[in-house]
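Trainee: Please take a close look at the interior packing of this model and explain how its parts meet one another.

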Amino acid sequence: MVEIAKKDIRVELRTKNSIYFMLLFALISSAMFSVSIPVEAYDVVASPLLWIVLLFVGMLGYSRAFLRELEAGTLDGLRISPINPISVLFGKTLYNLFLMLLVEAMIVPIFFVLFQPKIENTPLFLLSLTAGNVAFVIVSSSLSVLILKSKTRELLMPILLFPVVFPVISSTLAALNMAKMGTVDDILSPLALILSFSVAMVGVAFLTFEHAFFD
């Protein structure tokens with residue numbers, strides 16, 4: 001599992017294809033939002049916009065973990081190797097988590113500079129954002145293998161992903177708003193839902209991934 005993640009990270013750091021693509025999309029989206037939204041509305045829309053940008057960046061980037069193997073012709077090698085299929089899934093998930101943390105670390109400060117949101121509890125805000133992103137990575141990594149053989153996989157991914165991940169989207173927005181306004185007494189509820197959903201998706205992936213991977 002760790003070796004697969006290390007291999008993907010080494011390849012990514014050498015080519016930087018996904019990182020550049022994700023960062024460029026995030027920067028262009030953030031810049032467009034900053035010039036198209038009135039300044040007086042910045043504080044209201046900053047949190048949802050940041051979450052939306054990271055969602056679309058992830059949707060475009062995380063699904064490439066398995067697609068890269070298909071394009072390079074190494075997917076069959078993974079299938080016939082003596083590696084447990086679940087280790088392949090978790091290795092790809094760790095790689096996507098690396099991408100997520102890297103992109104989040106670069107985009108969040110830029111977003112804060114552009115929109116200057118007034119956040120009452122910054123640590124909880126960042127925790128909520130990261131928790132939502134981790135859950136999104138788990139779901140997208142689990143579903144991306146299902147669309148490998150589809151000729152319209154770029155269109156199919158959001159159709160499959162967003163209905164499944166909707167509880168994470170809504171719970172993360174609720175947690176971000178609570179942290180932003182300082183009403184943190186009830187923030188454990190959406191965070192617990194995000195955690196529970198992530199654990200449930202890991203369980204579903206554990207039960208179904210092997211069949212999808214060898215199909």
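Mentor: The account below begins with conventions, then treats the cores, the buried positions, the helix pairs and one loop residue. This is a predicted model, in which local features need pLDDT of at least 70 and side-chain atom pairs count only at pLDDT 80 or more, while totals for chains, interfaces and linings use all residues. Residues are numbered from 1 along each chain as its sequence is written, and side-chain values use heavy atoms, with hydrogens and water left out.

A nonpolar core here is a set of buried Ala, Val, Leu, Ile, Met, Phe, Trp, Tyr and Cys residues joined through side-chain atoms within 4.5 Å. Buried means under 20% relative accessible area, exposed over 50%, and partly exposed in between (1.4 Å probe, protein chains only). The largest such core has 51 residues, and L50 and L161 touch the most other members. Two or more residues each come from α2 (17-36), α3 (42-61), α6 (85-115), α7 (122-144), α8 (153-181) and α9 (188-214); these helices (H or I, at least four residues) are DSSP runs numbered from the N terminus, as strands (E, at least two) would be. The greatest contribution is that of α3, with 10 residues. Contact means heavy atoms within 4.5 Å. Beyond its neighbours within four places in sequence, L50 is in contact with I107, V108, F111, F112, F125 and L129. A second, separate core has 11 residues, among them F66, L78, L89 and A205.

Two buried positions connect α7 with α8. S128 is in helix α7 and T172 is in helix α8. S128 counts as buried because its relative accessible area is 0%, and T172 likewise counts as buried because its relative accessible area is 0%. Residues up to four places away in sequence aside, S128 touches T172, A175, L176, I187 and L191. On the same basis T172 touches W51, S128, G132 and I194.

Next come the helix pairs. Their axes are lines fitted to C-alpha atoms, for helices over the stretch in contact, and angles run from 0 to 180 degrees between N-to-C directions. Helix α1 (residues 2-15) packs against α6 at an angle of about 40°, the axes being 7 Å apart. The pair is therefore oblique, since angles under 35 degrees count as roughly parallel, over 145 as roughly antiparallel, 65 to 115 as roughly perpendicular and the rest as oblique. The crossing of α1 past α6 is right-handed, meaning that the near helix is turned clockwise from the far one by less than a right angle, with anticlockwise giving left-handed. On the α1 side the contact involves I4, A5, K7, D8, I9, E12 and L13, and on the α6 side S87, V88, G91, K92, L94, Y95, F98 and L99. These residues comprise nine nonpolar, two polar and four charged, where Ala, Val, Leu, Ile, Met, Phe, Trp, Tyr, Cys and Pro count as nonpolar, Asp, Glu, Lys and Arg as charged, and the others, Gly among them, as polar.

The axes of α1 and α2 come within 6 Å and cross at roughly 65°, so α1 is roughly perpendicular to α2. This contact is formed by E12, L13 and T15 of α1 with N17, S18 and I19 of α2, a set of two nonpolar, three polar and one charged.

Finally, Q116 is found in the loop between α6 and α7. Its phi is near 45°, a positive value in a residue other than glycine. Q116 is classed as exposed because its relative accessible area is 61%.
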